[in-house]
Amino acid sequence: DTSGWPLIAPLPSYGRGRELPGGRYMSFIHGDEVHDVIITGENGTIDGQGDVWWNMWRQRTLQFTRPNLIELVNSRNIIISNVVFRNSPFWNVHPVYCSNVVVRYVTILAPHDSPNTDGIDPDSSSNVCIEDSYISTGDDLVAVKSGWDQYGIAYGRRSSGITIRRVTGSSPFAGIAIGSETSGGVQNVLAEHINLYNTGVGIHIKTNIGRGGIIRNITINNVYMENARKGIKISGDVGDHPDDRFNPNALPVVKDIKIKDVWGVGVLQAGLIRGLRDSPFTGICLSNVHLRGMTEPRTPPWQCSDVLGASVQVSPWPCAQLSSTQQRGSCSDHF
Ligand SMILES: *[C@@H]1O[C@H](CO)[C@@H](O)[C@H](O)[C@H]1NC(C)=O
Ligand SMILES: *[C@@H]1O[C@H](CO)[C@@H](O)[C@H](O)[C@H]1NC(C)=O
């Protein structure tokens, strides 16, 4: 019974709760306009006992959007370290409209069938560092976001300066994700030294028509993945809309994505890049990316549409749109 659970207002960049219209159940640990805060605890556990909430989601008896385990809003100078987060009802760690956030030496655990239990979602936030952590949940391990369709466009607050490094984990969805709510824009993201075991999609950059927003200058280096349905996916047709008042002319822009030194084994499909016809993805550069299937020597080929970029030392060989003779200039800096 959640009737006594406090409700808080929707985030302005989402316009409503992420799951259901209206307000949201307040997070277990909730901070609004806090600064210089350290959340730490000798690797002690904070257990969200999410199964009650997951069951309400499964039975469709939720009235409002489920609580996060930790949400910090409009806050700065935050360190979250040496804590084990378990069984969040919804997203685990959600810094939104924040700056200068460090999350390190954390372990985040939730069952693989627990709905929407994202690990860490930096959202319309700047200067966020996530490092030296292990995450195994039922949804994306780390997903960088910045608001939802017309609400996120109107709020206009991007995520930038996001570093994700030395993160290991396992998820039926994405390992490292950007999106799909990226309406305020996402830029200057660096993810490196990432190890993924049994994931749905190793690296997933996802947005949609109606989102608007620019996703650019994303660098992903040194990824090892073992057993993934897809290695790399960059797509312009993922995610739902808050309501039907989204603007179908608000096309996202995706450019300058550099993915380098990726090694995968047991990858069912190497790559899928699906840009938008009226907003093709450009400057998509792949270098030293090797994604092998379950059985040698054949991995199904890449599928691409509405994308331009380059590739060097990529196997299986990606699509013609990423042939290294095109757009060499825009990729060469980092090759
Ligand atoms: C706490 O966990 C981190 C990894 O997240 C580990 O490096 C550290 O040794 C652990 N500390 C203790 C006291 O167990
Ligand atoms: C791109 O992002 C990186 C961080 O990953 C940053 O150091 C660099 O300055 C950015 N480049 C531009 C042109 O903004």
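Okay, to kick off: which residues surround ligand 2? The answer is Asn 188, Val 189, Leu 190 and Asn 217. Before I go on, keep in mind that this is a predicted model.

Let's stay with ligand 2 for a moment. Where does the shell come from? Strand E12, covering residues 186-206, gives the most to it, with three residues. If you sort the shell by residue type, you get two nonpolar, two polar and no charged. For a specific atom pair, look at Asn 217: an N or O atom in the side chain of Asn 217 sits 2.3 Å from an oxygen atom of ligand 2. And the cover? On its own, ligand 2 exposes 360 Å², and the protein buries 36% of that.

Now over to ligand 1. Around ligand 1 you'll find Asn 43, Asn 82 and Tyr 105. Here the atom pair to click on involves Asn 43, where a side-chain N or O atom is 2.5 Å from an oxygen atom of the ligand. Ligand 1 has 360 Å² of accessible area when taken alone, and the protein covers 36% of it.

Right, cysteines next. How many disulfides does the model have? The count comes to one, and the disulfide in question joins Cys 304 to Cys 319. The S to S distance in the model is 1.6 Å, so write that number down, since a disulfide here is a pair of cysteine sulfur atoms within 2.5 Å. The torsion about the S-S bond is -50°, and the link of Cys 304 and Cys 319 is left-handed.

As for where the two ends sit, Cys 304 is in strand E16, residues 303-305. Cys 319 is in the loop between strand E17 (307-315) and helix H3 (328-332). The two are 15 residues apart, and the pair links distant parts of the chain. Buried or exposed, you ask, for Cys 304 and Cys 319? Both are buried.

What about Cys 98? Cys 98 is in no disulfide, and the nearest cysteine sulfur, the one of Cys 129, is 15 Å away. Cys 98 is buried, because its relative accessible area is 0%. Turn it around and Cys 129 is in no disulfide either, with the sulfur of Cys 98 as the nearest one, 15 Å away. Cys 129 counts as buried too, because its relative accessibility is 14%, and the cut-off for buried is under 20%.

Two more residues and then I'm done. The first stop is Ser 160, which lies in strand E11, residues 159-178. Why does Ser 160 count as buried? Because its relative accessible area is 15%, and buried means under 20%. Leaving out residues up to four places away in sequence, Ser 160 touches Ser 125, Ser 126, Asn 127, Gln 187 and Asn 188. You've met Asn 188 already, as one of the residues surrounding ligand 2.

Last one: Ile 232, which has its place in strand E13, residues 214-235. Ile 232 counts as buried because its relative accessibility is 0%. What does Ile 232 touch, not counting residues up to four places away in sequence? The list is Ile 203, Ile 259, Ala 270, Gly 271, Leu 272, Val 289, Leu 291 and Trp 302. Pick Ala 270 from that list: Ile 232 and Ala 270 are 38 residues apart in sequence, and C-alpha to C-alpha they are 6.4 Å apart in space.

That's my tour. Over to you for questions.

Definitions and conventions
Residues are numbered from 1 along each chain as its sequence is written. Chains are lettered from A and ligands numbered from 1 in the order in which they are written. This is a predicted model: local features need pLDDT of at least 70, side-chain atom pairs count only at pLDDT 80 or more; totals for chains, interfaces and linings use all residues. Side-chain values use heavy atoms; hydrogens and water are left out. A residue is near a molecule or strand if one of its heavy atoms lies within 4 Å of it. A polar contact is a pair of N or O atoms within 3.5 Å; within protein, one must be able to donate a hydrogen and the other to accept it, and residues adjacent in sequence count only if both atoms are side-chain atoms. Accessible areas come from the Shrake-Rupley method with a 1.4 Å probe; for residues, only the protein chains shown count as cover. Helices (H or I, at least four residues) and strands (E, at least two) are DSSP runs, numbered from the N terminus. Buried means under 20% relative accessible area, exposed over 50%, partly exposed in between (1.4 Å probe, protein chains only). Ala, Val, Leu, Ile, Met, Phe, Trp, Tyr, Cys and Pro count as nonpolar, Asp, Glu, Lys and Arg as charged, and the others, Gly among them, as polar. Contact means heavy atoms within 4.5 Å.
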